[in-house]
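Trainee: I'd like a close look at one part of this model, and then how the rest fits around it. Here is what I'm looking at.

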Amino acid sequence: MKLKNDIYHLLKSAIADFKRNKIRTFLTSLGITIGVLSVVLLIALGLGLRNYISEQFEGLGANLIMVMAGSGFGGGDDGGGFSGPAGMFGSTVEFDERDVSSLRRVQEIEYVVPVYFKSLSIEAEENEEVGYVMGVNDEFFDLMNSDMLEGKEFDKSDLQGRTKVAVLGYTLSEDLFGEAEDGAGRTIRIDNMRLKVIGVFEKTGDSEMDKSAVIPYTTTFASLNPDKTFWSIYLGVASEDEVEAASEKAEEALLRRYKEDEFSLTEQSEILSTINSIFAVLNAILVAIGSISLLVGGIGIMNIMYATVTERTKEIGIRRAIGATKQDILTQFLTESVVLSILGGLVGLLLSVLIVLGIRVFFPAAINAVAVIIAIGVSSFIGIFFGVFPAKRAANLPPIVAIKYE
Amino acid sequence: MISLKNVSKTYLLGEEEVKAVSNLSMEVKAGEYVSILGPSGCGKSTLMYMIGLLDIPTSGKITIDGKDASKLEDDELSKIRNEKIGFVFQSFNLINKFSVWENVLLPAKYTKKKLDFDPEKKAEELLKQFGIWERKDFFPNKISGGQQQRVAIARALIMNPTVILADEPTGNLDMKTGHEILDLLDDLNKKLKVTIVLITHELDIAKRTKRRITMRDGEIVGRTK
């Protein structure tokens with residue numbers, strides 16, 4: 001009861017003072033508001049960027065292993081980042097149907113999908129768009145868990161018959177036909193080959209996938225891909241626990257034909273963890289940059305608190321005369337700086353939530369618990385850290401000097 | 001109850017030492033009404049601040065209720081100021097951002113002991129007694145000087161102090177209001193047996209008290225019985 005009373009009195013005293021100096025209070029806490037705003041927003045944007053990039057990869061499914069020519073992404077002994085698909089970057093090997101059948105013999109692997117991939121101009125009746133042509137087999141649809149917006153996927157008989165059919169990504173269909181739904185049943189032309197659109201995918205969020213025309217890989221053999229080669233092979237593993245074993249066996253199978261540095265196997269989880277570690281560093285840098293403005297805000301509070309102490313020397317003297325201890329005075333001024341800075345911090349947090357909600361319409365920015373804790377924790381820390389020196393000066397004023405001050 | 005023994009206070013003004021109070025001894029007994037009379041600069045305010053434990057003597061001993069103030073820590077001095085001393089200043093020294101009610105109650109916020117009375121009830125009594133109960137929610141700068149000084153006296157009395165130290169309490173008031181305040185102090189001493197030390201430079205005011213101490217140049221130059 002006594003404690004509650006004391007806190008109430010302290011807060012009341014602080015607020016009474018803020019009311020007398022509205023503009024100054026506003027400007028001082030604005031410093032903290034801007035500091036918190038910049039830290040929280042930078043974290044939110046960093047997270048957003050990570051989410052955005054993760055989404056691109058997660059769309060491919062968690063139990064996926066990508067076999068690529070060259071040293072691949074993230075993995076590989078040379079740790080060489082993204083060296084790109086063969087063909088595009090002039091790698092030496094290309095996979096063919098023999099590799100597909102040897103990988104099929106690995107027990108843990110459920111799906112083997114050869115991937116022919118090329119960026120091409122895709123024509124419809126009136127429109128022409130640059131999109132991606134993906135030549136795959138029917139297992140691709142199971143591996144990707146793809147959902148159909150309209151129509152159906154192609155099946156084994158289409159592969160055997162080398163039928164000229166295509167399933168379009170959402171965006172590609174939308175760009176070519178106005179409405180994505182309108183694609184099914186129409187005809188497109190790729191490299192002088194007429195293909196019937198038998199289905200349209202739901203939007204996946206993966207910009208490459210949404211811009212693709214997926215066709216039977218055998219159909220590409222006609223003119224697009226006379227060498228019958230693939231720049232990558234996707235492997236689907238039945239359960240997540242077997243990814244490691246499957247990856248090793250797949251590597252063994254390929255080593256019989258290729259040298260170690262001619263291909264790479266990349267697990268989906270590996271890519272995600274690489275992305276996460278890159279963004280952890282990026283986020284730390286962003287927080288450090290944002291913290292500079294918090295520091296400046298804190299110095300602003302310190303500055304104002306020193307001015308306040310000088311201005312209220314007489315008040316300090318009066319309080320000391322009627323029995324306030326040094327500790328009482330210290331607590332009083334510390335409360336003011338903490339309230340001032342938490343006030344600024346909360347406004348900053350509120351503003352950043354609003355801004356992030358606005359940004360989210362087109363970018364997956366996010367506010368997480370860390371951002372909230374930083375906002376509140378750091379602003380109270382700043383209030384204490386930058387408030388303690390002025391408050392100490394107030395507490396250590398000799399009562400006689402303070403009471404005589406005019 | 002309050003005793004000063006060979007108390008001196010020296011200030012350093014640049015290179016020069018200035019003796020504000022020199023080798024002064026006096027005593028104030030419970031229930032007394034004493035005035036300290038002297039021209040400005042005679043050291044009477046310094047004396048009051050030392051009795052009120054806001055200032056520390058350069059040498060000598062001040063005892064309040066048997067406690068030697070020179071041996072006390074800052075926190076203990078604060079505690080004695082809070083519980084045993086009530087200040088009334090020339091310029092009232094109320095805190096302007098607090099209402100009359102909050103100003104009167106402020107000393108009770110700083111007490112570290114459990115009070116054997118309800119400070120709010122006491123504040124109500126005092127404000128009613130001084131005729132300023134209707135002003136309790138006003139801020140100090142919205143009431144007259146006389147009313148402000150009554151608030152200050154109520155604040156000085158809220159903790160039932162051993163002594164009231166009044167430093168030129170009428171200095172900022174007109175003659176009529178000043179007399180009302182002095183009548184109030186007279187009353188407090190007569191009816192409630194409050195110990196009062198009144199500091200003034202006017203003989204007329206000092207004459208109201210039962211005992212008079214006259215100071216000049218930091219020394220006592222005259223005492224009445």
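Trainee: Which residues of H2(B) are buried?

Mentor: First, some housekeeping. This is a predicted model: local features need pLDDT of at least 70 and side-chain atom pairs count only at pLDDT 80 or more, while totals for chains, interfaces and linings use all residues. Residues are numbered from 1 along each chain as its sequence is written, and chains are lettered from A, ligands numbered from 1, in the order in which they are written.

Now your helix. The buried residues of H2(B) are B:Leu77, B:Ser78, B:Arg81, B:Asn82, B:Glu83 and B:Lys84. Buried here means 20 or more other C-beta atoms within 10 Å of the residue's own, with 12 or fewer called exposed, anything in between partly exposed, and the C-beta atoms placed from the backbone. Helix and strand names come from DSSP runs (H or I of at least four residues for helices, E of at least two for strands), numbered from the N terminus.

What do those buried residues pack against? In chain B, E4, E6, H3 and E7; in chain A, helix H11 (313-321). So H2(B) has neighbours in both chains.

That brings us to the interface, where 20 residues of chain B are in contact with 17 residues of chain A. Contact means that two C-beta atoms, placed from the backbone, lie within 7 Å. On the side of chain B that touches chain A, helix H2 (74-84) and helix H3 (100-109) of chain B each supply at least two residues. H2(B) gives the largest share of that side, six residues.

Next, the strands. E6 and E7 of chain B, both packed against by the buried residues of H2(B), belong to an open sheet of six strands with mixed pairing, in the order E6-E7-E8-E3-E9-E10. Pairing takes at least two DSSP bridges between two strands. Strand E6 (85-88) and strand E10 (219-223) of chain B are the edges, each pairing on one side only. From one strand to the next, the twist averages 20°.

Further into that order, strand E7 (residues 163-167) and strand E8 (residues 195-200) of chain B run parallel and are joined by five bridges. One of the partners is easy to find: B:Asp167 bridges to B:Ile199 in E8(B). Helix H5 (residues 145-157) of chain B lies across E6 and E7 and runs at about 170° to E6(B). Such angles run from 0 to 180 degrees between N-to-C directions, with axes fitted as lines to C-alpha atoms, for helices over the stretch in contact.

Two loop residues are worth a click. B:Phe92 lies in the loop between E6 and H3 of chain B, and its phi is near 65°, a positive value in a residue other than glycine. B:Phe92 counts as buried because it has 21 C-beta neighbours inside 10 Å. B:Asp65 is in the loop between strand E4 (59-64) and strand E5 (67-68) of chain B, with a positive phi near 50°. With 12 C-beta neighbours inside 10 Å, B:Asp65 counts as exposed. Most residues other than glycine have a negative phi.

Zooming out, chain B has seven helices and 10 strands. The radius of gyration of chain B is 17 Å, close to the 17 Å that the globule rule gives for 225 residues, so it is as compact as a globular protein of that length. That radius is taken over C-alpha atoms, and the rule is 2.2 Å times the number of residues to the power 0.38. Of the 225 residues in chain B, 45% are buried.

Chain A, with 14 helices and 10 strands, has a radius of gyration of 32 Å, where a compact globule of 406 residues would be near 22 Å. Its C-alpha atoms fill a box of roughly 100 × 50 × 40 Å along the principal axes. Helix H12 (residues 326-359) and helix H13 (residues 369-396) of chain A pack at an angle of about 150°, with their axes 7 Å apart. That makes H12(A) roughly antiparallel to H13(A); the cut-off is over 145 degrees, with under 35 for roughly parallel, 65 to 115 for roughly perpendicular and the rest oblique. The axes of helix H10 (residues 268-311) of chain A and H13(A) come within 9 Å and cross at roughly 30°, so H10(A) and H13(A) are roughly parallel to each other.
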